[in-house]
Amino acid sequence: MSGVVRIFVISPDTHSERRLELHITVQKLKVVILLTSTGLTLNIAHQANLELVTGIPVSNQVLSLYNSENDPDVVAVLSDDTKPIGFYGLRDYQVLRVEDTNPSVSFTGQMTDVSQVEKFELTPEEYAKRQDTVMAYKQRNRMGRFAPKEEVVEVEPEVPTNITVGSRCEVQSTEAGLSKRGIVSFVGTTKFSKGVWVGIEYDEPLGKNDGSVQGERYFTCRPKHGVFVLPDKVKIGDYPVEELDLDDEEI
């Protein structure tokens with residue numbers, strides 16, 4: 001049997017790609033494999049045995065074939081040392097997993113076990129005192145959360161000069177033919193919302209309050225005659241009082 005396949009060889013401590021000649025026996029595979037060079041171009045380099053590659057003695061090696069690293073199903077177990085590896089149907093980029101039947105002798109897996117490694121730890125207070133840390137660098141260079149905070153200057157809302165307390169006015173209405181007229185009783189900022197508001201005492205009970213909102217009084221008028229609107233809804237002018245024909249139920 002002739003031919004060469006590219007196989008990933010994996011053990012508890014190693015992971016490599018190898019070119020294997022299909023005619024070699026399983027026993028020879030355990031002792032001698034063909035190394036590949038690094039990079040995308042695969043060239044036959046020099047010989048080395050699996051024990052040197054994986055750290056697992058030949059007598060302790062169990063070879064299992066998988067279609068991929070993430071595939072849990074075993075395709076074949078290369079259990080007969082006298083068979084050529086091509087007998088087991090090896091294909092390019094399959095995975096040959098080398099297991100150790102006696103890891104206590106070869107220390108398999110201990111090279112990657114960091115559970116016994118003493119960790120270097122610092123408390124937040126100790127870390128803050130060090131001058132060779134990322135945080136210290138940012139502090140010195142005033143970066144990130146240590147950068148100077150930009151002052152937020154709140155701009156006072158501009159009170160319209162054409163709307164003054166005591167002026168007659170008309171408020172824009174969404175109802176056709178309805179004129180909401182009254183007297184400007186307040187102009188300024190409030191606690192219930194940002195910006196400038198105009199408090200108006202309507203001639204008729206078309207409002208929502210008596211000049212107070214949320215327990216805060218801004219002016220005084222009869223119940224249901226007071227309202228607060230934005231300045232752009234108010235027109236100042238010589239608006240006479242209009243008598244609206246409203247019955248008691250509408251009031």
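User: How many bridges join β10 to β13, and do the two strands run parallel or antiparallel?

Analyst: Strands of a sheet pair through backbone hydrogen bonds, either parallel or antiparallel. In this predicted model, β10 and β13 run antiparallel and are joined by four bridges. One residue pair to look up is G199, whose bridge partner in β13 is F228.

User: What is the order of the strands in the open sheet?

Analyst: There are five strands, arranged β13-β10-β9-β8-β14, with antiparallel pairing. Because β13 (226-229) and β14 (234-236) are at the edges with a single partner strand each, one side of each has no neighbour in the sheet. From one strand to the next, the twist averages 45°.

User: Which strands are joined to β9 by bridges, and how many bridges are there in each case?

Analyst: Strand β8 (residues 168-171) is antiparallel to β9 and joined to it by four bridges. Here V171 has K180 of β9 as its bridge partner. Strand β10 (residues 196-202) is also antiparallel to β9, with seven bridges between the two. On that side, G182 lies opposite Y202 of β10.

User: What links β9 and β10 along the chain?

Analyst: The two strands form a hairpin, and six residues lie between them. Within the turn, G195 has a positive phi of about 90°.

User: Why is β9 described as largely enclosed?

Analyst: Start with the general pattern: in a regular strand, side chains alternate between the two faces of the sheet. Burial is then counted residue by residue, with buried meaning under 20% relative accessible area. In β9 (residues 180-189), eight of the ten residues are buried, so the rest of the structure largely encloses this strand.

Terms used:
Residues numbered from 1 in each chain as written. Predicted model: local features only at pLDDT ≥ 70, side-chain atom pairs only at ≥ 80, totals over all residues. Heavy atoms only, no water. Buried < 20%, exposed > 50% of the residue type's maximum accessible area, 1.4 Å probe, protein only. Pairing = 2+ DSSP bridges. Axes fitted to C-alpha atoms, helices over the stretch in contact; angles between N-to-C directions.
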